[in-house]
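Biologist: Hi! Could you walk me through this model, and start with the vocabulary?

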Amino acid sequence: MDKEIKDPEGILKVITALFGKLPAYIVNSEKEFPVKIIALKNKALIINTNLKFPTRERILTVVHNGSKFLAHFNLAGGDGNGIEILTPVKIQIATASRQGTRVEASQIQTGMVVTNIINVNDVSKAIGFDDKKVDAILLAYRTKLAKAFPLSSIFFAGRMDNRLRLMHHYDKDIFIVDRKEKSTASPAFFPFDEYLRIFDNSKIPDNYISEICVPIKYKGYVHLGYVQVLSEKPLEFEVYKQIQTFASAVSRDIINTGVFQESRDVCQVMDLSMGGISFIHAPSRSFSRSVTLNGTILFDLNLEAGKKVTIRGIIKNIRNQETNFRVGCQFYNLTEKDTETLEDFLNVGKEEVPNPEELEGQENPSSDGNEGEQNEENFDSTSTTSEGESSQTVLEEGSEADPFANHMEDNFTENPEEPN
């Protein structure tokens, strides 16, 4: 390790500047897995992970400007169902280096292409304006929903309300069978105690004891709104499945209106791994709008005939190749379904041959990745030189939007990749 931060104030500065802003990973059995950061609260980090650990020690990592930050924590509490409260102990800083390799498109011998690129920020902008087609779809679905469930609603807006924000942070749907019987709660859904806090701050009458609330998402990633059903009697799991299907239908039809300005460019894939991708993009109008360094984008990756995944990633580098641009993008917490499809396609686990080109330093990349390959596709070789300088530099570079600013006791921070 190059440097180590043990000063409590310096540790909190780094955690505040990086661990709420950049994709974080947790070490388990010498491998790294994506971890959900929920909040920084009372000088402790609250996370969500499904992994099991043999001890109370936790190590979380992020990569920023060519340096890898390994934050050591102790488990201080949690709900026993994935939500953990961690208190920081120290932070180690080392030079980041890529641990995995990519497969050249020519090696796979398939016509992989990237299509429908859109910047995440443009998703929220699209639904922030009145659109007659979208309004007509929402009206039709609200009418249909009200016939089956009289007390129901569809929330759809360019800015999250508190209920949607918390579902986004926990990445779980709300399914409360009986608000007055905690024994009916399932750890697979939104935390029961946290739901009670939402309910106490809502205007829902006390006679309603059951609620189902399922997010409406753009291609499984960006939260656009939610479908909500309330009942005076316990709702069954079968009803939850119906609402889940209903929310997916709303999302599908709204996307089909064309309100989201996805790029029409078809981009040839150059290489691919479980951690990232590079592809060729023409200098088109959509390129200048959607593709920005360190920006978060969504796109469809067509692997082969009949096989497609939707990818969320952060742009790490953009190389000018005379007539076109080569874009390097690192994946950011893919959905479970898309991760499995990629694993099957790439036959993960086979021996890989290092690609020297991927180890070249690049200009000011930010951080993220996936599992053991999370280290940067390309890094700036600059690393910090002293404890004080390390924490201060990180704070300055990440201070343009403090992820934990204005954080109230019972509210949770916005996740940077999702628009408000």
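Modeller: Gladly! Two strands pair if DSSP finds at least two bridges between them; helices (H or I, at least four residues) and strands (E, at least two) are DSSP runs, numbered from the N terminus. This is a predicted model, where local features need pLDDT of at least 70 and side-chain atom pairs count only at pLDDT 80 or more, while totals for chains, interfaces and linings use all residues. Residues are numbered from 1 along each chain as its sequence is written, and side-chain values use heavy atoms, leaving out hydrogens and water.

Biologist: Which residue in β13 does S153 stand opposite?

Modeller: β10 and β13 pair in the antiparallel sense over five bridges. Across from S153, in β13, stands Q228.

Biologist: Which strands stand at the edges of the sheet?

Modeller: The open sheet has four strands in the order β10-β13-β12-β11, with antiparallel pairing. Two of them each have a single partner strand, so one side of each lacks a neighbour in the sheet. These edge strands are β10 and β11.

Biologist: At what angle does α7 run to β12?

Modeller: Helix α7, residues 237–256, reaches 29 Å from its first C-alpha to its last. It lies across β10, β11, β12 and β13. Axes are lines fitted to C-alpha atoms (for helices over the stretch in contact, meaning heavy atoms within 4.5 Å), with angles from 0 to 180 degrees between N-to-C directions. For α7 and β12 the angle is about 25 degrees.

Biologist: Which helix do the buried residues of α7 pack against?

Modeller: Buried means under 20% relative accessible area (1.4 Å probe, protein chains only), and the buried residues of α7 include Y240, I243, A247 and V250. An α-helix has 3.6 residues a turn, so residues three or four places apart point the same way. Besides strands such as β12 and β13, the buried residues of α7 pack against α4.

Biologist: How many residues does α7 give to the largest nonpolar core?

Modeller: A nonpolar core is a set of buried Ala, Val, Leu, Ile, Met, Phe, Trp, Tyr and Cys residues joined through side-chain atoms within 4.5 Å. The largest one has 62 residues, with F260 and L301 among those with the most contacts inside it. α7 gives the most to this core: eight.

Biologist: Which two side chains does the side chain of D271 contact?

Modeller: D271 is found in strand β14 and counts as buried because its relative accessibility is 2%. A polar contact is a pair of N or O atoms within 3.5 Å; within protein, one must be able to donate a hydrogen and the other to accept it, and residues adjacent in sequence count only if both atoms are side-chain atoms. At 3.0 Å the partner is S278, and at 2.8 Å it is R326.

Conventions: The expected span of a helix is 1.5 Å times one less than its number of residues. Buried means under 20% relative accessible area, exposed over 50%, partly exposed in between (1.4 Å probe, protein chains only).
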